[in-house]
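Here are some notes to read alongside the model, written for someone meeting a structure of this kind early in their studies. Please keep the sequence and the 3D view open while you work through the points.

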Amino acid sequence: MAESSFTTALKYKVFDLILLLLLSDLAFGKIRYSIREEMEPGAFVGNVAEDLGLNVRRLSGRQFRLASADKRQYLKVNIETGALFTKERIDREKLCGQMSVCVLPFEIVVEQPLEMFRGEVEIVDINDNAPSFLESTILSQMAESITTGSRFPLESALDPDVGMNTVMTYSLSPNAHFSLQMETSEDGAKIVDLLLEKPLDRERQSSFQLVLTATDGGTPPRSGTARILITVLDSNDNAPVFDLKVYKVDLVENSPRGTLVATVHATDADEGSNAEVTYTFGNRVSQSVQELFSLDPRTGEIRIQGAIDYEEDDTYSLELQALDNGSPVISGHCKVVIRVIDVNDNAPEILLTSVVSMVPESAPVGTVTALISIIDRDSGTNGQVHCKVPMNVPFKLQISSSTHYKLITTAPLDREATPGYNVSILAWDSGRPPSSSNKTVQISVLDENDNAPMFERRTYTVYVTENNFLGTSIFTVTASDPDLDQNSNVFYSSKETFRDSPVATYLKVNSMNGTIYAQRSFDYEQLKSFQVQVQARDAGVPPLSSSATINVIILDQNDNAPIIVSPSAQSGSEAEVIVPQSASQGYLVTKIIATDADSGQNARLFYQAVKATVPSLFSVGLNTGEIRTTRAILEHDASTQSLVIMVRDNGQPTLSSTLTIVLLLFGNITERSSDQSNLVRETEQHSQLNLYLIITLGSTSFLFLVIIIFLFGIKCKQDRRFPQDNSTICCCKPEDSIDGFSQRPEPKASTNYCGQTLPVSDTYHYTVCLSPESSKSDFLFLKPCNPTLPQGYR
């Protein structure tokens, strides 16, 4: 009783929340603050509540909170006062790198009604880093023959700060031979070259020691220095010259390692070893760039050796130098500008800002159930995002800004039809090919218990192989109940009886999971099929239930060996057959007739001779069992021949039976009149026996046909009682043959099964095989004929 009251109270509370969300307009504002980097944790940023015009006293009740798409939180908010503070020390260089503007976005969410406000905090750079050189000492060698005006690139100083706080100027210690020449690169960085203004004379001064100073534009300014040691050399007076001063290359991001980017080439006007050129990276190429690209020192080929990502850097500028093999070494310089082409390698990211997971079915159309943000790291059209939800759910996405959406209902919710929804949100960009991602929002609908358990089907067909073990699991039925809690707990049981015995003696149903176990070992020859009813009942008060029909069909196993019916053994396992010595080649001696209690392939029989007195005298038909002479009987052939016949079926494993036939070869019939009369009497006895056998089999076949027609009539009546089963049974009567045995009727009737027309096979019929010796000694061999039925009719 207490649980029911709690559920009712929870339902009304959620309903009130959804109604308030509907009646209140969602407001999306945007505020901006600015703070300096490296401020102490807990530094005050601003009062969000006051700036947004929120009632400070209601912040806690409206679940005032801070939401951010970043995994790492740099800000925190006081839910009592609405003040925004720094959560930790913020290093602008680590957060934004060399970006000119560093912005930290945040979102404020309040409920009752549901509102979301977007804001951002600009992190202002301070001059907290001094310029520095990678090498404190720069070594250089110059030939005394080098001309004035020659320029030598110097290593640029690094300053993590941006704007005016980065490197702004360079200066050189006073000297009479060298000065500095500065340029500004495409990305705004200062590039400095050492310029020779006065010719060198190695005999007067063989080396120079200079100090290079880099100064930033901060207040107060910071600086860093490096020593330049120049050695003046003699001889080699021509520097290598590149084909181009600037090589420009386009490179697709995510290109595989080993891809050729460009090939640079330089020539030296000198001869011999002084003209041999080696390519290297210049001093200005950072270590990180050298990890992305490799340069072959001999061929000048630039290849990829790292991961190229457009989102990390869209342009690379490589300073290369060509060194000759002279003494002193003279170098030439060029620049390779690599522009990275963006590919659509980032799928949109779907972020759930707020979700209402339980919605009453009486919620009005337009109820807001979730606030969603979707972003894509790619640029241009690759970063343009589209989104949608499936058409078969009563929800849609309503855009509130370029990257923010609301998930609202579009139709009344019906708990009896759908207890809950997994709303899949699909987002894709405009790239070629487009990249996509999806996220599922689970929404439950509240309702009462008014549904009975339902099986997946009303009728199940289960196939069980005979000779199964007692307690074997043969099938599992499943019934589902869309209700919740104990009302959805389903218990299974069986009902009714079969052959005046409780169903429990045949099958047992696990009440918890619906697994059906065999309670006996079935025998196909005794029981081919039966039917039981399984009931599913829930735990509600009062309980509701439904039932399903289980049709159990027993499948045959090859567990019966063939039985040889004819010729019959006269003594033990031997049978005697008389053969005239005048028999010619192809003479029909006798025919083996055998039966198998199994069905299908398990009852398909094959005949073969496994042992014979004279193997070349007789042959056995593999499928017919006919024993014929393979040649004429000669005088020197023994009058008594032994032939061991094996009859095997086509089952797995194969079962077989054997029969030894003693063949008596007689010469002149007149000389053996007494024997002939005995043979005639014996043959007449066999013919009379076969006549009885034919009558018995004919009566059995007729009775079997009547039973089949009767069972089909009962089945048709049952199908009219259950019109939901989509099956049609047609009872057909094959045309009568001209006589009972000698002819096979043509199959003219047909059966409609599941929309297909299939031929109806003939019933069993027999073929008469007559001995050629005498009409008095005719021996009837009955061959059952059961043409192969289409699959599903066996």
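How many salt bridges does the structure hold? The answer comes in the fourth point, after a look at the chain as a whole.

1. Overall make-up. Please bear in mind throughout that this is a predicted model. The chain has 794 residues, of which 38% are buried, and its secondary structure comes to five helices and 53 strands. When contacts between residues at least 6 apart in sequence are considered, 66% of them join residues that are at least 24 apart. The chain exposes about 43,600 Å², and 51% of that area is supplied by carbon and sulfur atoms.

2. An open sheet. Four strands form an open sheet with mixed pairing, and their order is S16-S23-S22-S19. The edges are strand S16 (246-252) and strand S19 (277-281), each of which pairs on one side only, while the twist from one strand to the next averages 30°. As general background, the strands of a sheet pair through backbone hydrogen bonds, in either a parallel or an antiparallel manner. Here S16 runs parallel to strand S23 (residues 331-341), and the two are paired over seven bridges; within this pairing, Lys248 stands opposite Val337 in S23.

3. A loop residue and its neighbours. Thr166 lies in the loop between strand S9 (151-153) and strand S10 (167-172). Leaving aside residues up to four places away in sequence, Thr166 touches Asp159, Asp161, Asp216 and Gly217. The C-alpha atoms of Thr166 and Ala130 are separated by 8.3 Å, although these two residues are 36 residues apart along the chain.

4. Salt bridges around Arg89. To return to the opening question, the structure holds 16 salt bridges. In general terms, side chains of opposite charge can pair when their charged atoms come close. Arg89 meets Glu38 in one salt bridge, at 3.9 Å from N to O, and this pair links distant parts of the chain, with Arg89 in the loop between strand S5 (83-86) and helix H3 (92-96) and Glu38, 51 residues apart from it, in the loop between strand S1 (30-36) and strand S2 (44-47). Arg89 counts as partly exposed at 39% relative accessibility, and Glu38 is also partly exposed, with a relative accessible area of 24%. The side chains of Arg89 and Glu40 meet in a salt bridge as well, at 2.8 Å from N to O; Glu40 is in the loop between S1 and S2, and the two partners are 49 residues apart.

5. A further pair and a network. Arg631 and Asp637 form a salt bridge through their side chains, with 3.2 Å from N to O. Is Asp637 buried or exposed? Asp637 is buried because its relative accessible area is 9%, whereas Arg631, with 23%, is partly exposed. Elsewhere, salt bridges that share partners join Arg151, Glu183, Asp193, Arg284, Glu319 and Lys335 into one network.

6. A nonpolar surface patch. Leu703, Ile707, Phe710, Leu711, Phe712 and Ile714 form a nonpolar patch on the surface, and together they have about 550 Å² of accessible area. Leu703 is placed in helix H5 (residues 673-721), and this residue is classed as exposed because its relative accessible area is 51%, where the cut-off for exposed is over 50%.

Key: Residues numbered from 1 in each chain as written. Predicted model: local features only at pLDDT ≥ 70, side-chain atom pairs only at ≥ 80, totals over all residues. Heavy atoms only, no water. Buried < 20%, exposed > 50% of the residue type's maximum accessible area, 1.4 Å probe, protein only. Contact = heavy atoms within 4.5 Å. Areas by Shrake-Rupley, 256 points an atom, 1.4 Å probe, with all protein chains shown as cover. Patch = residues over 30% accessible without salt bridge, like charges linked within 9 Å, V, L, I, M, F, W, Y side chains within 5 Å. Salt bridge = Lys/Arg side-chain N within 4 Å of Asp/Glu carboxyl O. Pairing = 2+ DSSP bridges. Axes fitted to C-alpha atoms, helices over the stretch in contact; angles between N-to-C directions.
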